[in-house]
Amino acid sequence: MKTILYKSDPARGALWQRILADIAPQYRFIQWTDLDFSRGDPAVFAEVEYLVVWMPPEGLAQRFPQLKVLFSIGAGVDQFDLGALPAGLPVVRMVEPGLTQGMVEYVTFAALGLHRDMPRYLRQQREQQWKSHPMVSASKRRIGVMGLGELGEATLKMLMNFGFECHGWSRSGKAIEGVTGWAGVEQLAQFLAHSDILVCLLPLTADTRGMLNAELFALLPQGASLIQVGRGAHLVADDLLAALDCGQLGAAVLDVTDPEPLPADDALWSHPAVWITPHIASQTQPETAVNALLANLQCFEQGRPMQGEIDKIRGY
């Protein structure tokens, strides 16, 4: 029997445990919170072949001599110190339909709300103003998505259904039917100039940290909006506030911040042009996440590529 050790939310882990017991009894699933550390590392550590975590424990090579794959419970691995992991250990981020569907729903909601000027109408409601504004047709609204992985591609395909003019940017470029593609630093300014609503779905790397800054905002059309669903550290918050206050940006929807949660006195909380949600845009769903894990375990054990395995040099 092969052992999976799970180190993340215990309630979610209990669901995973029940599902695996029903559909894959050949795996022993153990929760970190069920282990007794009173006498040091539990003996079961020597048997762990697969580790599923949000944050991995220290000393993987020494503590888990049989470890074969490290799985992230989330869609990214920026919370890992990749340089501290064993060189040959495969690292796999979560790619599963529930996670993708949640992100598509959230970005669609946010994009439609910004497109139909909902932040302004909500401000008017608070001020008891009954005033309409001209509506822009979807065909004349340009949406740009930064990051063209599974989440970015699925989001663009949904947004195209509403008639938006869709653009996509990534470091290496990716062809998506019906989407105008832009690639690399050389084409970033052109991409931004075609983004009335900018969606950040980038992975967090050394290159993308702080990328949503004053320089980038200045390249957007005046009055553009931002949907930030990447990682909190992508955004320079003071630059966002300045861009909103001077009118370079019209509104922002933030599902991720740095830090999380924001301090009570943070100016983002009370800015009238900012919507904030508590990192809920996309969450793994137990059934589909377990199926994704099992599919990858089968691939690994059969010597086939795993979906979501990252390049440690690139960080995604």
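**Exercise 1.** Classify Arg 116 as buried, partly exposed or exposed from its relative accessible area.

*Solution.* The model is predicted; local features need pLDDT of at least 70, side-chain atom pairs count only at pLDDT 80 or more, and totals for chains, interfaces and linings use all residues. Residues are numbered from 1 along each chain as its sequence is written, and side-chain values use heavy atoms, with hydrogens and water left out.

Step 1: the relative accessible area of Arg 116 is 42%.
Step 2: buried means under 20%, exposed over 50%, and partly exposed in between (1.4 Å probe, protein chains only).
Step 3: Arg 116 is therefore partly exposed.

**Exercise 2.** Place Arg 116 in the chain and list which residues Arg 116 touches, not counting those up to four places away in sequence.

*Solution.* Step 1: Arg 116 sits in the loop between α3 (97-115) and α4 (118-126). Helices (H or I, at least four residues) and strands (E, at least two) are DSSP runs, numbered from the N terminus.
Step 2: with that exclusion, Arg 116 touches Tyr 121 and Met 135 (contact: heavy atoms within 4.5 Å).

**Exercise 3.** Describe the open sheet of seven strands, and find the bridge partner of Ile 143 in β9.

*Solution.* Step 1: the order is β8-β7-β6-β9-β10-β11-β12, with parallel pairing (two strands pair if DSSP finds at least two bridges between them).
Step 2: β8 (180-183) and β12 (274-276) are the edge strands, each pairing on one side only.
Step 3: β6 (residues 142-146) and β9 (residues 197-200) pair in the parallel sense over four bridges.
Step 4: the partner of Ile 143 in β9 is Ile 197.
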